[in-house]
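Q: I have a structure open here and would like to talk it through with you. Can we take it step by step?

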There are 2 protein chains.
Amino acid sequence: MHPRIIDTLKRSQLSVTDSRKKILELFLERKAALAHADIEQHSGDEFDRVTIYRTLQTFVEKGILHTIPSADNAVRYALCKDACTEGHHHDNHVHFMCDLCGTTYCLDHVTVPSVQLPAGYQVHQIDLVASGTCIKCQ
Amino acid sequence: MHPRIIDTLKRSQLSVTDSRKKILELFLERKAALAHADIEQHSGDEFDRVTIYRTLQTFVEKGILHTIPSADNAVRYALCKDACTEGHHHDNHVHFMCDLCGTTYCLDHVTVPSVQLPAGYQVHQIDLVASGTCIKCQ
DNA sequence: AATATTTTGCAACACAGTTGCATTTGCATA
DNA sequence: TATGCAAATGCAACTGTGTTGCAAAATATT
């Protein structure tokens, strides 16, 4: 088991349960973002659907995961680089979705450029999702 | 009825039907993006749910509408500025979602700044969605 | 080890979106 | 303007996604 798992859970004041350990491990193993369905597949029928939903929700609330918007009605989740504090604004990094293999990446080191909006719009958050062909699919 | 409706449909080689006219009119009247549910509400029970889904799909295929990604699992649709040609790359404009009233705007005149991605990622499209407080909710 | 708290699994539900097929509508052509 | 064909619609049924309440089980606390 990945050494960071127990730590991460305790730091977020969450009790350490099988499903949380397993789901967190999945995210740590893979570099890419995962949708609920991916997790359901990779964990077999070990956990109830509802448990997975609740675990994801909890992780987002605690700043362990963040969501990535998409136009295909499938919210993806990815690890926050360093478990952000609660009520966080994460550092705004760019996301990349591969049209071919469907993998979604967090490009942690690419920051979202600032945008000049018309007067009257107060921006709290900016999401930038690029799509195209990823490294592996070239 | 808005004068552009029949034109737009014919230019896209679509037959002119009640549902298409009505749905297109909704988009032309309002400046904001609409989700399926919004359309269902505003058209009463005039059309079947399925018809609305199919009409939206068709409009997207023909480049009359485009989709706006979001993190809340509710795809919104908005008019393409000038009915784009099929197999289009639209001009990349910015979208704005108001956290308070939920309205989604197409900021047609704000273009997405270019982003420098790591080598190996080929970008075909970029979506930038800002969220915060809109003009009306200040 | 015993108790309090949290999490899980199950059942049931609400909503979103899709598919197949029979019926209706729109369009082209005579 | 009537006729026939292609396309769009409505209905029923279904899949998938996400939520809620509650009893049972696991975890944390003493």
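A: What follows goes through the two chains, the contact between them, the DNA strands and the sheets, and the model is a predicted one.

Q: Let's start with symmetry, then. How is chain A laid on chain B, and with what RMSD?

A: A turn of 179 degrees with a shift of 0.1 Å along the axis lays chain A on chain B, and the RMSD is 0.2 Å. That is the relation of a two-fold axis. The contact follows suit, in that the same surface serves both copies, with 100% of the contact residues of chain A recurring in chain B.

Q: And which residue of chain A comes closest to the rotation axis?

A: That is A:Leu128, whose C-alpha lies 2.2 Å from the rotation axis.

Q: How many residues does the contact take from each chain, and what area is buried?

A: Chain A gives 37 residues to the contact and chain B gives 37 residues. The area buried between chain A and chain B is about 3000 Å², and carbon and sulfur atoms give 61% of that area.

Q: Which three residues of chain A supply more of its buried area than any other three?

A: They are A:Ala71, A:Asn73 and A:Tyr121, which supply 17% of the area that chain A buries against chain B.

Q: What about strands across the contact: in which sense do E6(A) and E6 of chain B pair, parallel or antiparallel?

A: The pairing of E6(A) with strand E6 of chain B, residues 122–133, is antiparallel and runs over 11 bridges. As one example of how the residues line up, A:Gln125 stands opposite B:Ser131 in E6(B).

Q: Which strand of chain A is joined to E6 of chain A, then?

A: Strand E4 of chain A, residues 93–98, is joined to E6 of chain A by 4 bridges, and these two strands run parallel. Within that pairing, A:Phe96 has A:Ala130 in E6(A) as its bridge partner.

Q: Switching to the DNA. Which residues come nearest to strand C?

A: There are 20 residues around DNA strand C, and the nearest are A:Ser19, A:Arg20, A:Thr51, A:Arg54 and A:Asn73. Of the atoms of DNA strand C that come within 4 Å of the protein, sugar and phosphate account for 67%.

Q: Which side chain has an N or O atom 2.6 Å from a base oxygen of strand C?

A: That side chain belongs to A:Arg54. On the phosphate side, chain B takes part as well: a polar backbone atom of B:Val16 is 2.9 Å from a phosphate oxygen of DNA strand C, and a polar side-chain atom of B:Tyr53 lies 3.3 Å from a phosphate oxygen of DNA strand C.

Q: Which helix gives the most to that surface?

A: H4(B) gives the most, with 5 residues of the surface near DNA strand C. Helices H2 (18–29) and H4 (49–61) of chain A, together with helix H4 (49–61) of chain B, each supply at least two residues there. By class, the residues of this surface divide into 5 nonpolar, 9 polar and 6 charged.

Q: And strand D, which residues are closest there?

A: DNA strand D is surrounded by 20 residues, and the closest are A:Val16, B:Ser19, B:Thr51, B:Arg54 and B:Asn73. Here sugar and phosphate make up 65% of the atoms of DNA strand D that come within 4 Å of the protein.

Q: Which polar contacts should I look at on strand D?

A: Among them, a polar side-chain atom of B:Arg54 lies 2.6 Å from a base oxygen of DNA strand D. A polar side-chain atom of A:Gln57 lies 3.2 Å from a phosphate oxygen of DNA strand D, and a backbone N or O atom of B:Asp48 lies 3.2 Å from a phosphate oxygen of that strand. The largest share of the surface near DNA strand D comes from H4(A), with 5 residues.

Q: Last topic: in what order do the strands of the open sheet in chain A come?

A: In chain A, 3 strands form an open sheet in the order E1-E3-E2, with antiparallel pairing. Strand E1 (34–35) and strand E2 (65–68) of chain A stand at the edges with a single partner strand each, so one side of each is left without a neighbour in the sheet. E2(A) pairs with strand E3 of chain A, residues 76–79, over 4 bridges, and A:Thr67 has A:Tyr77 in E3(A) as its bridge partner.

Conventions:
Residues are numbered from 1 along each chain as its sequence is written. Chains are lettered from A and ligands numbered from 1 in the order in which they are written. This is a predicted model: local features need pLDDT of at least 70, side-chain atom pairs count only at pLDDT 80 or more; totals for chains, interfaces and linings use all residues. Side-chain values use heavy atoms; hydrogens and water are left out. Two strands pair if DSSP finds at least two bridges between them. A residue is near a molecule or strand if one of its heavy atoms lies within 4 Å of it. A polar contact is a pair of N or O atoms within 3.5 Å; within protein, one must be able to donate a hydrogen and the other to accept it, and residues adjacent in sequence count only if both atoms are side-chain atoms. Ala, Val, Leu, Ile, Met, Phe, Trp, Tyr, Cys and Pro count as nonpolar, Asp, Glu, Lys and Arg as charged, and the others, Gly among them, as polar. Copies are superposed by least squares on the C-alpha atoms of residues with pLDDT of at least 70 in both. Contact means heavy atoms within 4.5 Å. Buried area is the accessible area (1.4 Å probe) that two parts lose on being put together, summed over both.
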